[in-house]
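Notebook open. I want to look up how the ligand is held, then check one residue elsewhere.

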Amino acid sequence: MAEGGYELVIIGGGPAGLTAGIYASRSRLKCVLLEANPLVGGQAALTDIVENYPGFDEPINGFELTEKMRKQAERFGLEVRNEPVNRVDKVGEDFIVYTGKGEYPTESIIVATGSEPRHLGAPGEKELRGGGVTYCATCDGPLYKEMEVAVVGGGDSAVGEALYLTRFAGKVYIIHRRDRFRADGILSEQAIADDKIEIIWDTVVTSIHGEGEVEHLHLKNVKTMEESTLDVAGVFIYVGVKPNTEFLGGLLKLDDRGFILTDDRLEASVRGVFAAGDCRSKVLKQIATAVGEGATAAFVANEYIQERRHKRAETESLGYDQK
Ligand SMILES: Cc1cc2nc3c(=O)[nH]c(=O)nc-3n(C[C@H](O)[C@H](O)[C@H](O)COP(=O)(O)OP(=O)(O)OC[C@H]3O[C@@H](n4cnc5c(N)ncnc54)[C@H](O)[C@@H]3O)c2cc1C
């Protein structure tokens, strides 16, 4: 292919996609990165403070970090376009990637579309979204100055964002359905020691109430079955994520939660398609792992493209010899 088409299309502009872009551009592949959001950088760009990404002895703001990645990729010539991909078709050994704005014929693809927050599914959640129900402390936290808010969940995101919210809110409740956090040790210790945080263990939110704005939550203790009400002005939900892989249709093999299955070279079930970052079935979903996978996927994609170039050149020279 190549002429008129691309050698590589990267779908998603978070840390995984941007790192793949840096490596692919440096390998001089004919490549484009398609990002659904006007804001490049993915989930990481919405994270206020990143403390565990190597290379920064002081915490770095997630937006600043991903802006550096974007500028670095563009410095090597990566073309970034703001277009959400809605379908991918396989045509012979090649692919066509469709966005609302156009079609991208390509020899290979790196899927780096990450994941998005899961909903609680509690009555009132959908109706009050934007009226106090939120999935992003960085975006909405400053709106709750001196107010009481709740965070639902017990993983790194929930506990980290609860700590962040203490900068604004008067009080932060963490509502967690178990009797201990899944979050890493340091984060958990900080939350438990924080005077502004009160942890409500073994408890789930059964419904969310308010007239246009969140006013209170109905809670249930899963051990004692006791029900209660908690007055809060906002509820921040961090109960896991779901992968952005629906647009792939049935193209690739996925695990039972919809994450892309790959081998350790990050090759997906269809030759020529690779996956990197949070959309992939894996143990640790972090910026450090996403960038490592972006680099590996672009390296292996480059090997694949070189192999195809080599085969094309061989076929052409054979055809020439036989004339
Ligand atoms: C609240 C919170 C706090 C976090 N804190 C930390 C932390 O402190 N340290 C850390 O290491 N990690 C942290 N993480 C995790 C980290 O943000 C992710 O692991 C990382 O961003 C994954 O990178 P990614 O490139 O795989 O996916 P993402 O960052 O999710 O990027 C995927 C990109 O793909 C785009 N996309 C999706 N679908 C399409 C489509 N169809 N077409 C085109 N583009 C598409 C999305 O818009 C997005 O920009 C945090 C996450 C959250 C939610």
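Entry 1, backbone contacts. I started with Ile287: one of its polar backbone atoms sits 2.9 Å from an oxygen atom of the ligand. I noted that this is a predicted model. Next I checked Asp278. Here a polar backbone atom is 2.8 Å from a ligand oxygen. Then I looked at Pro15, where the distance from a polar backbone atom to an oxygen of the ligand is 3.2 Å.

Entry 2, coverage. How much of the ligand's accessible area does the protein cover? I read 88% of the 1000 Å² that the ligand has on its own.

Entry 3, the shell. I found 35 residues around the ligand. Those that come nearest are Glu35, Gln43, Asn52, Asp278 and Ile287. I sorted the shell by class and got 15 nonpolar, 15 polar and 5 charged residues.

Entry 4, helices. Which helices each supply at least two residues of the shell? I listed H1 (15–26), H2 (42–45), H5 (156–165) and H7 (287–321). H2 gives the most, with 3 residues.

Entry 5, Thr106. I placed Thr106 in strand S6, residues 103–111. Is Thr106 buried or exposed? Thr106 counts as buried because its relative accessibility is 0%, and the cut-off for buried is under 20%. I also followed the side chain of Thr106: it reaches the backbone nitrogen of Val9 at 3.5 Å.

Definitions and conventions: Residues are numbered from 1 along each chain as its sequence is written. This is a predicted model: local features need pLDDT of at least 70, side-chain atom pairs count only at pLDDT 80 or more; totals for chains, interfaces and linings use all residues. Side-chain values use heavy atoms; hydrogens and water are left out. A residue is near a molecule or strand if one of its heavy atoms lies within 4 Å of it. A polar contact is a pair of N or O atoms within 3.5 Å; within protein, one must be able to donate a hydrogen and the other to accept it, and residues adjacent in sequence count only if both atoms are side-chain atoms. Accessible areas come from the Shrake-Rupley method with a 1.4 Å probe; for residues, only the protein chains shown count as cover. Ala, Val, Leu, Ile, Met, Phe, Trp, Tyr, Cys and Pro count as nonpolar, Asp, Glu, Lys and Arg as charged, and the others, Gly among them, as polar. Buried means under 20% relative accessible area, exposed over 50%, partly exposed in between (1.4 Å probe, protein chains only).
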